[in-house]
Each structure stands twice: as structure tokens, then as C-alpha cells.
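This report goes through one protein model, from its overall fold to selected residues. The sequence and structure come first.

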Amino acid sequence: SSVQKRLFRRRVAVRAAFEVLKTSSEPPVVPAHKIPEVLDGTSLPEWKKMSIAERLRVHYDSQPLQLDDFMDLFKLLDLPSSAKKRPTYRLLVNPFATSVQRFFSSSIYLRISLIVSLSNVVLIAVQLTTLDERTKPNFAVLIVNLCFGTLYLLEQIALIWAHGATYYFTSLLSWFDCFIAVFNMVLRFVELGLIYSNVR
């Protein structure tokens, strides 16, 4: 049938692409960073490019692909439009940018984020338990709070960069996180400004 012929031609084209991109090592492999570069120059639908990039990032961790892996990866080209799914990360060509992007989807990032948040909660708890209206403002604590606020804001900026603004702002939770990060920074500067004016 015409469908089978089309699939066969696609397999042949993918195999030919492997032969062009492969290294001279034994066994031959295709460096992962070359795949986004090739995809970027094709007329494939954007969602298919993103799906392949997502699979490459998640399943192969940007490692070189042997023939079987390469062929398996490009089976995503056979997906019908009904299987269209918006990936969580945008397609990046630069290897360093891809590694940074991968960090923001890793368990290490989640652990670091959790540790920072818990540290901030502990600091707030200490502040509340030692709060005394007669005590002068502790600028060291205020600066630490400002540092936490800066970290939260930088985190949201990094997530917008990693996901792409279009995808990031489709989530109401992302809007909420971004609002909280910006509002928190505004409060920190207002707090510092009020204390500075009172000290003067």
C-alpha cells in the first residue's frame, strides 16, 4: 500500500542519514548534538522536531546513538498528527545550552530547589520566633531574604528560558510562581527602602 511504501522510504532515508552523520569509530555512532542541528534545517512539523528532541534528551541523555537507537528515535516520524503532544522543553542546538536545559529537568535540580526552599522556611521561622518590636531591623537578615528572593526570580527566568515563554505561560501554576517571585522581590526592596528611610 501507499502507507507501507511511505514508511519504507522513510526508513531508508533515516538509514541514509545515519550513514552521513556517523563517526568513523567502531561501532559507528551519531553524536547527539548533531541531531538537533539536522532537524533545525528540515521542513518537519515543529511538534515532531520537538518530540524527537525530547526523546533524545530523556531516553538517551544526549549520548551518542548507535544504529538501532538512531532508527528507534526516528520512529517518532511515524506519529500521526492526532498524537501531537507539546513537549516540555524547546529545541536547542547548542550542546552547552542543552546540558543546562537538561539540568532543569533533573532530580538534582529538584533537590537543590527543595533545599533552598526549606532553608528559607527555616529562616522565616527563626525570624518570627525572635521578633521583637523594640529590636532594630537586622540588615543581615534582610539581605539574606533579598538573596532568597533573587534566587527565586532567577529560577523563574531560567525556567522561562528552558521551556520557552510560549509553553511556560500556558500553565496557570507558572503564572502564579512568576507572580510570587516578582512580588516577593518588590516587597524586599520596599522593606529595605522603608527601613533605610527610618534609619535616616
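Helices here are DSSP runs of H or I with at least four residues, and they are numbered from the N terminus. By that numbering, I180 lies in helix α9, which covers residues 172–199. The model is a predicted one.

## Overall fold

The protein has nine helices and zero strands. Along the sequence the order of elements is therefore α-α-α-α-α-α-α-α-α, given that helices are counted from the N terminus. Of the 200 residues in the protein, 31% are buried.

Contacts between residues at least 6 apart in sequence were also sorted by separation: 69% of them join residues at least 24 apart. The accessible surface of the protein is about 13,200 Å², and carbon and sulfur atoms account for 65% of that surface.

## Helix α9: a surface patch and a buried arginine

A nonpolar patch on the surface is formed by L173, F176, F179, I180, F183 and L187. Together these residues have about 600 Å² of accessible area. Is I180, one of the patch members, buried or partly exposed? Its relative accessibility is 38%, so I180 counts as partly exposed, the class between 20% and 50%.

R188 is also placed in helix α9. R188 has 18% relative accessibility and therefore counts as buried, the cut-off being under 20%. Outside its neighbours within four places in sequence, R188 is in contact with N145 and L146.

## Helix α5 and its cover

Helix α5 spans residues 95–103, and within this helix A97, T98 and Q101 are buried. Viewed down the axis of α5, the buried residues fall within an arc of 100 degrees, so they line one face of the helix. In general, an α-helix has 3.6 residues a turn, so residues three or four places apart point the same way.

Which helices are included in what covers the buried residues of α5? The cover includes α3 (46–59) and α7 (139–163).

## Salt bridges at helix α1

The whole structure contains two salt bridges. In one, the side chains of R15 and E19 meet at 3.0 Å, N to O. In another, K22 pairs with E19, with the closest N and O atoms 2.7 Å apart. R15, E19 and K22 are thus linked in a network of salt bridges, each pair having a Lys or Arg side-chain nitrogen within 4 Å of a carboxyl oxygen of Asp or Glu.

R15 and E19 both belong to helix α1 (residues 2–21). Because they are four residues apart in that helix, about one helical turn separates them. Side chains of opposite charge can pair when their charged atoms come close. The residues of the network are partly exposed: R15 has 39% relative accessibility, E19 has a relative accessible area of 33%, and K22 has 33%.

## F70 in helix α4

F70 sits in helix α4, residues 67–73. At 1% relative accessibility, F70 counts as buried. What does F70 touch, not counting residues up to four places away in sequence? The residues touched by F70 are V14, A17, F18, L21, V30, I35 and L65.

F70 can also be placed relative to R15 of the salt-bridge network. F70 and R15 are 55 residues apart in sequence, while their C-alpha atoms are 8.4 Å apart in space.

## A cis peptide bond

The peptide bond from E26 to P27 is cis, with omega near 0 degrees. Most peptide bonds are trans. P27 is placed in the loop between α1 and α2, the latter covering residues 34–40.

## Cysteines

How many disulfides does a search of the whole structure find? The search finds zero disulfides. C147 counts as partly exposed, at 44% relative accessibility. C178 is buried, with a relative accessible area of 17%.

Notes:
Residues are numbered from 1 along each chain as its sequence is written. This is a predicted model: local features need pLDDT of at least 70, side-chain atom pairs count only at pLDDT 80 or more; totals for chains, interfaces and linings use all residues. Side-chain values use heavy atoms; hydrogens and water are left out. Helices (H or I, at least four residues) and strands (E, at least two) are DSSP runs, numbered from the N terminus. Buried means under 20% relative accessible area, exposed over 50%, partly exposed in between (1.4 Å probe, protein chains only). Contact means heavy atoms within 4.5 Å. Accessible areas come from the Shrake-Rupley method with a 1.4 Å probe; for residues, only the protein chains shown count as cover. Patches are made of residues with over 30% relative accessible area and no salt bridge: like charges are joined within 9 Å, nonpolar side chains (Val, Leu, Ile, Met, Phe, Trp, Tyr) within 5 Å. A disulfide is a pair of cysteine sulfur atoms within 2.5 Å. The arc is that of the directions from the helix axis to the C-beta atoms.
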